[in-house]
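User: I'd like to learn how to read a model like this one, feature by feature. Could you walk me through it?

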Amino acid sequence: MKLSVLDQSIALQGQGEDAAIRDTLSLAEHAEALGYARFWLSEHHGLPTIVGSAPEVLMAAVAVRTRRIRIGSAGVMLPHYSALKVAEQFRVLEALAPGRIDLGVGRAPGGDMRIAQALNPNAHAAAEYFPEQVRDLRAWTSMSTHRGLAVHPQGAHAPELWILGSSDYGAQLAAHFGLPYAFAYFFMDGQGVERALELYRSLYRPSERHPRPQATVCVWALAAERGDDARHHALSREHWRLARARGELGPLQDPDRIAERGFRTEDAGTLESMRAKAFVGAAPEVATRLRALAAALELDELVINTWAFRTEVRRRSYALLAREFGLEAQAA
């Protein structure tokens, strides 16, 4: 069983947003030392919490600070950009870290439509051309010429293209092109995952690079030595999710302050539902639930996304899960 990391460069209350970017680089080194298989970076725009807006830039920095771990985008929001330019960027990344680059692409805006319009004046129609962009990107990131154009720099390796999604659409598109597929389980606490994976596997068209379907899911999880400690630190993300639902966005807050204030009475039902589905607790408990999820979905890899207000808590969570899954032994 392989574990990977999705990091979103989360801003913390009382700290500059630039600190979140530097923390991402440090976490990548930590994840590699622990034996994680991949380190993926998200793309969001205009959000005061998730400040990783340029995964391709961060990937270059991670590439020169690591040696083994695969590095990827999860993902590049392709409708904002030219497929040719993205192919060029990722071929440069492949030259920096040969055989280690994952190019995950998604169709969502990664922000509101004002941001999408600012990134691409044709944003209102761009998402409709996502399949054509994926077709072109797959060709241009390989070593072949496409539409009379060859993308440089060429090399012995090509980035591995992934389709990201949280609906049936992405699953069917990945199956059509014979590409790996990653389902954003943490978006909606797994809603729709069984259907998406069933469609992906049943409709899969083998490709030269991927003769068999390859799927994973990204799960939010937080582990600690004691379950009570994990649940306390999870208050930060719970508070953020409730605030986001009310349209209130901001940096991640200190769980100590959240515990002092408490939650609104009307949030009790939502909190109970969130906590029932959460992968939060003592490390052995979280590992058992993650293994059960992987078994139920027939997966041999999970991608873990963890938020915590304290850097050491997040690093410890990743370390505990690495120990539970024997990652260091697998990497040796």
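Analyst: Let's begin with a cut-off: a residue is buried under 20% relative accessible area, exposed over 50%, and partly exposed in between. Keep in mind that this is a predicted model. Now take D189: its relative accessibility is 23%, so D189 counts as partly exposed.

User: Where does D189 sit, and what is its phi?

Analyst: The general idea goes like this: most residues other than glycine have a negative phi, and most peptide bonds are trans. D189 has phi near 50°, a positive value in a residue other than glycine. You'll find D189 in the loop between strand 6 and helix 8. E298 is another case, with a positive phi near 55°. E298 lies in the loop between helix 13 and strand 9 (301-305), and at 66% relative accessibility it counts as exposed.

User: What does R241 touch, leaving out residues up to four places away in sequence?

Analyst: R241 touches D189 and M274, so we're back at D189 from the other side. R241 belongs to helix 10 (residues 235-245). With a relative accessible area of 15%, R241 is buried.

User: You brought up peptide bonds. Which one is cis with omega near -5°?

Analyst: That's the bond from A74 to G75. G75 is in strand 3 (residues 70-77). There's also a cis peptide bond joining H152 and P153, with omega about 5°. P153 sits in the loop between helix 6 (130-141) and strand 5 (160-165).

User: Now helices. Why would buried residues in a helix point the same way?

Analyst: An α-helix has 3.6 residues a turn, so residues three or four places apart point the same way. Try that on helix 8 (residues 193-203), where the buried residues are V193, A196, L197, L199 and Y200. Looking down the axis of helix 8, those buried residues fall within an arc of 160°, so they line one face of the helix.

User: What covers the buried residues of helix 8?

Analyst: The cover includes helix 7 (168-177), strand 6 (181-183), strand 7 (215-224) and helix 13 (283-297). Just past helix 8, look at P206, in the loop between helix 8 and strand 7. At 61% relative accessibility, P206 counts as exposed. P206 and D168 are 38 residues apart along the chain, and their C-alpha atoms are separated by 19 Å.

User: Let's zoom out. How many helices and strands does the chain have?

Analyst: There are 15 helices and nine strands. For overall shape, compare the radius of gyration with what a compact globule would give: with 332 residues that would be near 20 Å, and the chain has 19 Å, which agrees. The C-alpha atoms fill a box of roughly 65 × 45 × 40 Å along the principal axes.

User: What share of the residues is buried, and what share of the contacts joins residues at least 24 apart in sequence?

Analyst: Buried residues make up 55% of the 332 in the chain. For the contacts, start with those between residues at least 6 apart in sequence: 73% of them join residues at least 24 apart.

User: And the surface: how much area does the chain expose, and how many positive and negative side chains are there?

Analyst: The chain exposes about 14,600 Å², with carbon and sulfur atoms supplying 53% of it. It has 38 positive and 39 negative side chains, and the centres of the two sets lie 2 Å apart.

Technical notes: Residues are numbered from 1 along each chain as its sequence is written. This is a predicted model: local features need pLDDT of at least 70, side-chain atom pairs count only at pLDDT 80 or more; totals for chains, interfaces and linings use all residues. Side-chain values use heavy atoms; hydrogens and water are left out. Buried means under 20% relative accessible area, exposed over 50%, partly exposed in between (1.4 Å probe, protein chains only). Helices (H or I, at least four residues) and strands (E, at least two) are DSSP runs, numbered from the N terminus. The arc is that of the directions from the helix axis to the C-beta atoms. Contact means heavy atoms within 4.5 Å. The radius of gyration is taken over C-alpha atoms; the globule rule is 2.2 Å times the number of residues to the power 0.38. Accessible areas come from the Shrake-Rupley method with a 1.4 Å probe; for residues, only the protein chains shown count as cover. Lys and Arg count as positive and Asp and Glu as negative; His and the chain ends are not counted. The place of a charge is taken as NZ of Lys, CZ of Arg, CG of Asp or CD of Glu.
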